Amino acid sequence: MGALAGRHVVISGAAGGLGTGLCLRLLREGARVLATDVSEVKGLALCEAIAEAGLPQERCNFVVLDQSGEDAVAAGMAEAIARHGAPDALVNNAAIYPSMPTEDLPYELFMQVQAVNVGGAVALLRACLPGLKASGHGRVVNISSITFDTGYRNLSAYVAAKGALIGLARVWARDLGPFGITANAVSPGAFPTDAEKIHPDPEQYTQFVLDQQAVKRRGTNEDFAGLVSFLLGPDAGFITGQTIRVDGGWMMA
């Protein structure tokens, strides 16, 4: 078994983008995974990816979860925990990312992004907290974004939410440290996922990314998942309240 044998990890936004790659990595490391996303179709795609990778599907359970409201999260997670057991780790990865100029962004849409990306993370923590505390070695990882450092144009709602996740990781580190729980944020750079489809010229965008990075290649799922896996594991028990970038050296401040 790998370094995460015995871990039971909740991953939101698990079916697609960086989430699927993270699920596969954690399964390889021996963890059990409770994967959440917004549709059954995404769950089926995740199950197919696990099967194609030759990984044990019985160690990954998928739950359809709309995390835009606390009641839905609380009910869905209570049922999932009753069925599959309490988690001892949480990765807040789910996000929506509407792209439009700030002056065109409706207030209602701005608040919807905060409800899903930030409120959903808070609701998931509340649902998972009994198990995190009981374990004595709980782990929380909030997935932020390099866009918080760069202030990427037309993503004001998304960037605000990603900044909030960094702040929450710091506060949770203080609040939950006495229970043996660590809380950190991971800030990925520009990874080739579906989120990049918002850019009209993919080749130009790829060149822009490479020009910014010290490492002249695109990041991979393993680059991201390896860092998250480490933070969930036994060697990261004294690392908390930190924001760690995995961006090929784009930002160095």
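Is V209 buried or exposed? In this predicted model, V209 is buried, its relative accessible area being 0%.

## Surroundings of V209

V209 lies within helix α7, which spans residues 202-212. Leaving aside residues up to four places away in sequence, V209 touches A190, R218 and W250. With A95, by contrast, the separation is 114 residues in sequence and 21 Å in space, taken from C-alpha to C-alpha.

## Nonpolar cores

The largest nonpolar core holds 33 residues, and those that touch the most other members are I11, L26, V91, V186, F224, V228 and L232. At least two residues of this core come from each of several elements, among them the strands β1 (8-12), β2 (32-37), β3 (60-64), β4 (89-92) and β5 (139-143), together with the helices α1 (17-28), α2 (40-52) and α8 (221-232).

F224 can be followed in further detail: not counting residues up to four places away in sequence, F224 touches L18, L22, N93, I143, V186, P188, F191 and V246. A second core, separate from the largest one, comprises 28 residues and includes L124, L125, C128 and L129.

## Helix α1 and the β2-α2-β3 unit

Helix α1 is largely enclosed by the rest of the structure, because 10 of its 12 residues are buried. The buried residues are L18, G19, T20, G21, L22, C23, L24, R25, L26 and L27, and L18 and L22 also appear among the residues that F224 touches. Just after α1, G30 adopts a positive phi of about 100°.

Strands β2 and β3 pair in the parallel sense, with 5 bridges between them, and within this pairing T36 stands opposite V63 in β3. Taken with helix α2, the two strands make a right-handed β-α-β unit.

## Cysteines

A search of the whole structure finds 0 disulfides. For C47, which takes part in no disulfide, the nearest cysteine sulfur is that of C60, at 6.4 Å; C47 counts as partly exposed because its relative accessibility is 31%.

The case of C128 can be set out in a similar way. Its closest cysteine sulfur belongs to C23 and is 14 Å from the sulfur of C128, which is too far for a bond, given that a disulfide requires sulfur atoms within 2.5 Å. C128 is buried, with a relative accessible area of 0%, and is one of the residues included in the second core.

Methods: Residues are numbered from 1 along each chain as its sequence is written. This is a predicted model: local features need pLDDT of at least 70, side-chain atom pairs count only at pLDDT 80 or more; totals for chains, interfaces and linings use all residues. Side-chain values use heavy atoms; hydrogens and water are left out. A nonpolar core is a set of buried Ala, Val, Leu, Ile, Met, Phe, Trp, Tyr and Cys residues joined through side-chain atoms within 4.5 Å. Buried means under 20% relative accessible area, exposed over 50%, partly exposed in between (1.4 Å probe, protein chains only). Helices (H or I, at least four residues) and strands (E, at least two) are DSSP runs, numbered from the N terminus. Contact means heavy atoms within 4.5 Å. Two strands pair if DSSP finds at least two bridges between them. A crossover is right-handed if, with the strands pointing away from the viewer, the path from the first strand over the helix to the second runs clockwise.
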